[in-house]
Amino acid sequence: MESGNTIPIIVEFSGGLEMLFSDERKHKLSVPAKDDQGNAVNIGWLVQHLCQEVMKDSRKEMFVLDGHVRPGILVLINDADWELEGEASYALQPDDNILFVSTLHGG
Amino acid sequence: MAPALCAICRTSRALIIRPKNHQKLCKSCFIAIFEAEIHHTITTTSLFSPGDRIAIGASGGKDSTVLASVLKTLNERYNYGLELVLLSIDEGIKGYRDDSLETVKRNAVQYDMPLKIVGYDELYGWTMDQVVEAIGKKGNCTYCGVFRRQALDRGAKMLGINHVVTGHNADDVAETILMNLLRGDLPRLARSTSIVTGDANSEVRRSKPLKYAYEKEIVLYAHHKKLDYFTTECLYSPEAFRGSARSLIKNLERVRPSAILDVVRSGEDMAKLVPEVVSGVSHCKSQKVSLSSADGEDEGAGGCGSVNGRNSGGEMADMEKKLRQDEEASSREVDISASIPLSANSQKHDRIGESKPPQKMGKKLVRQTLGTCKKCGYMSSQDICKACTLLEGLNRNRPKIEIEVDVEDEESSTLRRRMEGIALGAG
Ligand SMILES: [Zn+2]
Ligand SMILES: [Zn+2]
């Protein structure tokens with residue numbers, strides 16, 4: 001059980017998404033263990049956080065569309081497809097690796 | 001939540017959920033089945049013969065990198081007896097292609113394959129940077145796409161190779177099918193579904209071994225195999241990331257992941273209904289072969305960025321103008337449907353087996369004939385091929401060049417842009 005107030009995680013972007021995040025592929029983040037309502041923070045929270053706090057690029061719609069991760073962007077939680085982990089409702093754990101990969105760029 | 005176990009080995013943790021059937025697989029079972037399915041595609045379509053020399057259209061991007069990696073693996077595992085060569089195009093865009101060409105050079109070492117890089121400057125006397133200087137950024141994706149398609153074939157010819165494989169995946173094929181469907185262009189739809197374009201008589205055949213592979217799985221394969229690939233947006237098509245038929249496909253995939261392959265299979269079934277004389281696709285060969293991609297019009301996504309880049313850039317006004325020209329032209333087209341001889345072949349292989357003759361199809365179908373360009377000798381359905389038409393204009397230093405009808409890229413862009421407006425309730 002995490003006793004501290006923050007959780008260290010690693011967030012990675014690839015497949016072109018790194019261009020939206022200061023051209024940095026790997027971001028070491030410390031996120032609060034609980035959100036404003038006192039719930040454990042999950043991927044849904046993280047996505048909003050990344051969009052509002054981490055992303056400097058103004059083209060938010062390239063990452064989040066209609067409140068969801070843009071279709072065509074894969075989310076891997078510790079290498080597992082987030083669909084196997086409950087998608088946005090997955091509660092972040094210490095040292096999680098969250099990878100966002102775009103499939104939308106040219107091949 | 002307890003981690004799910006792999007549906008195949010039942011011992012390792014599942015990391016992948018397959019879009020086409022929701023099967024949950026571990027990393028090694030996923031890699032194995034992904035490769036096995038491409039092997040299946042290759043063998044059931046008799047795509048290669050022992051001793052073939054194959055050029056892999058390599059952009060350094062995910063699709064062509066996965067294609068090179070998988071073909072190398074399969075060639076060794078199943079003794080295809082192929083000689084594989086990487087073929088890359090240098091469009092001459094400063095700061096864009098440099099990094100991806102570096103990736104291809106690393107791939108050549110990693111996969112132990114010879115690499116041939118062909119530049120637009122040596123082929124056409126123009127780099128894309130120079131083209132953009134001459135005509136501006138609007139509409140230049142057309143040039144890039146037209147030049148690129150010939151460049152691959154010409155590069156292959158320089159190598160004495162007559163078969164080029166490209167990284168087009170199921171998402172690309174579905175996108176092209178949808179666009180041709182929305183255009184009501186059945187002949188092109190039929191040809192776009194073929195795994196091979198060009199036949200034994202063509203100088204260079206094209207094929208897409210990844211035709212049934214989901215883009216999502218290609219990206220996952222590259223990720224789990226830790227392949228070295230490069231991603232960039234073409235500098236000259238900033239909108240390429242947004243909108244487009246691609247969004248439609250991706251939205252559909254989110255609602256119903258099987259939709260992508262379903263569209264591909266629907267396209268194939270529709271193709272069988274198009275008379276051979278119209279589509280140029282022979283139904284009676286073991287592998288479906290389409291007459292030609294001479295003008296590259298079957299590769300719906302042949303624009304910027306990569307061997308199969310997404311071309312959604314372009315100018316509405318120009319596009320509308322060209323669409324109008326197309327409409328005028330189509331009214332000049334000869335209706336040959338009434339005189340199509342219903343050959344034994346096309347009937348025999350007509351799976352639906354309906355009795356309606358093709359003249360009931362409602363829309364005029366245009367026969368696609370294939371010849372060679374009078375200027376450069378390259379395969380073309382017109383007297384002067386598209387590349388030569390564009391070059392002529394460039395060399396005369398005309399700022400705007402109106403190309404004849406049968407221009408694919410403009411139409412596609414317009415369609416794609418229109419499709420951006422299609423709201424698709426997802427989720
Ligand atoms: Zn397994
Ligand atoms: Zn020509």
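B:C9 is partly exposed, with a relative accessible area of 29%; partly exposed lies between buried (under 20% relative accessible area) and exposed (over 50%), using a 1.4 Å probe and protein chains only. Please keep in mind that this is a predicted model, where local features need pLDDT of at least 70, side-chain atom pairs count only at pLDDT 80 or more, and totals for chains, interfaces and linings use all residues. Residues are numbered from 1 along each chain as its sequence is written, and side-chain values use heavy atoms, without hydrogens and water.

B:C9 is one of the protein donors of the zinc ion (ligand 1), along with B:C6, B:C26 and B:C29, each through SG and lying 2.2 to 2.3 Å from the ion. Donors here are N, O and S atoms within 2.8 Å of the metal (3.2 Å for Na, K and Ca); water is not among the atoms, so sites may look incomplete. The four donor atoms subtend angles of 103 to 117°, which makes the arrangement tetrahedral (four donors with all angles between 85 and 135 degrees). In sequence, the spacing of the donor residues reads C-x2-C-x16-C-x2-C.

Here are three residues side by side.

| Residue | Relative accessibility | Class |
|---|---|---|
| B:C6 | 0% | buried |
| B:C9 | 29% | partly exposed |
| B:T41 | 7% | buried |

B:T41 sits in helix 1 (residues 27-44) of chain B; helices are DSSP runs (H or I, at least four residues), numbered from the N terminus. Setting aside neighbours within four places in sequence, B:T41 is in contact (heavy atoms within 4.5 Å) with B:I195, B:P209 and B:Y212.

In helix 2 of chain B, 13 of the 16 residues are buried, so this helix is largely enclosed by the rest of the structure. Just after helix 2, B:N79 takes a positive phi of about 50°.

Methods
Chains are lettered from A and ligands numbered from 1 in the order in which they are written. Helices (H or I, at least four residues) and strands (E, at least two) are DSSP runs, numbered from the N terminus. Four donors count as tetrahedral if all angles lie between 85 and 135 degrees; four count as square planar and six as octahedral if opposite donors are over 155 degrees apart and all others between 65 and 115; anything else is irregular.
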